[in-house]
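User: I've got a model open on my screen and I'd like to learn how to read it piece by piece. Can we go through it together?

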Amino acid sequence: MKAYKQSEVNPDVPGIILLSHGPFAVSLVESSKMILGEVENIAAYSLEPGDDFDKYREAFSESIHAFPAGCIIMVDLYGGTPCNQVMLYVQEKEEVLEVVTGMNLPMLIDAAVFREAMAGKELTSNAVDNGKDGIQRIDVEGFLSEDDDEDE
């Protein structure tokens, strides 16, 4: 298992925990740092082939308990092992958590920027909306056509 977690926790900032298959979660944190700089209270756990699921769940549950109440958990794929491990944790602990699937960079940036101004379902919904808005089809043909017209 690859992991990214900070040694110090800010007790005033809700945490963000990323969970994924392969290196995606840890890589997403690294990408966000290029845009935002160092982000407080963030942890990422990348499930690798052959990893023990119980140890994976133990690792991210430590971050859940280390962060202040109201942390957000983002997973890569609904119904995948990281998502299922979160739901197993929820069942075992009978703890209500904010969990979103389909994590992407716009979603992470939104959550990191707005988590001090929003909380709970409002923050999660905002992050999901921003994640969806970040998915666009670019009309490359139209873009090229507009450039060609300007050259004439």
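Analyst: Sure. Let's start with one residue and work outwards: N41 sits in the loop between α1 and β3. Keep in mind that this is a predicted model.

User: Is N41 buried or exposed?

Analyst: The general idea is to look at relative accessible area, where anything under 20% is called buried. N41 has a relative accessible area of 1%, so it counts as buried. Its backbone is worth a look too: phi of N41 is near 50°, a positive value in a residue other than glycine.

User: Which other residue has a positive phi although it is not a glycine?

Analyst: E94, with a phi of about 50°. E94 lies in the loop between α3 and β5. Its accessibility is 72%, and over 50% is called exposed, so E94 is exposed.

User: Let's zoom out. How many helices and strands are there?

Analyst: When you size up a fold, count the elements and then follow their order. The protein has six helices and five strands. Starting at the N terminus, the elements run β-β-α-β-α-β-α-β-α-α-α. The C-alpha trace spans about 65 × 35 × 25 Å along its principal axes, and 43% of the 152 residues are buried.

User: What share of the contacts comes from residues 24 or more positions apart?

Analyst: Among contacts with a separation of 6 or more, it's 78%.

User: Now the sheet. What order do the strands have?

Analyst: With a sheet, read across the strands rather than along the chain. Here the order is β1-β3-β2-β4-β5, in an open sheet of five strands with mixed pairing. At the edges are β1 (2-5) and β5 (98-101), each pairing on one side only. From one strand to the next, the twist averages 15°.

User: Mixed pairing, okay. Which way do β1 and β3 run?

Analyst: They run antiparallel, joined by four bridges, with β3 covering residues 42-47. To find that pairing on screen, pick K5 and look across to its bridge partner in β3, A43. For the parallel sense, go to β4 and β5, which pair over four bridges. There, I72 stands opposite E98 in β5.

User: Where do the side chains of β5 point?

Analyst: They alternate. E98 and V100 point to one face and are buried, whereas V99 and T101 point to the other and are not.

User: How are β4 and β5 linked into a β-α-β unit?

Analyst: Trace the chain from strand to helix to strand, then check the handedness. β4, α3 and β5 make a right-handed β-α-β unit. In the loop between β4 and α3 you'll come across G80. Its relative accessible area is 8%, so G80 is buried. Try a distance as well: the C-alpha atoms of G80 and S20 are separated by 8.6 Å, though these residues are 60 residues apart along the chain.

User: On to the helices. At what angle do α2 and α3 cross?

Analyst: For a helix pair, check the axes, the handedness and then the residues that touch. The axes of α2 (residues 53-66) and α3 come within 10 Å and cross at roughly 65°, and the crossing is right-handed. The contact includes F53, Y56, R57 and F60 from α2, with Q85, V86 and L88 among those from α3. By class, it has eight nonpolar, four polar and two charged residues.

User: Which residues does Q85 touch?

Analyst: Leaving out residues up to four places away in sequence, Q85 touches F53, Y56, R57 and F60. Q85 is in helix α3, and at 7% relative accessibility it counts as buried.

User: How do α4 and α5 pack?

Analyst: Apply the steps again. Helix α4 (residues 105-114) and helix α5 (residues 120-133) pack at an angle of about 145°, and their axes are 7 Å apart. The crossing is right-handed. On the α4 side you'll find P106, M107, D110, A111 and F114, which meet L123, N126, A127, V128, N130 and G131 of α5. Those residues divide into seven nonpolar, three polar and one charged.

Conventions
Residues numbered from 1 in each chain as written. Predicted model: local features only at pLDDT ≥ 70, side-chain atom pairs only at ≥ 80, totals over all residues. Heavy atoms only, no water. Pairing = 2+ DSSP bridges. Helix = DSSP H or I, 4+ residues; strand = E, 2+ residues; numbered from the N terminus. Axes fitted to C-alpha atoms, helices over the stretch in contact; angles between N-to-C directions. Left-handed = near helix turned anticlockwise from the far one by under 90°. Contact = heavy atoms within 4.5 Å. Nonpolar A, V, L, I, M, F, W, Y, C, P; charged D, E, K, R; others polar. Buried < 20%, exposed > 50% of the residue type's maximum accessible area, 1.4 Å probe, protein only. Right-handed = clockwise from strand over helix to strand, strands pointing away.
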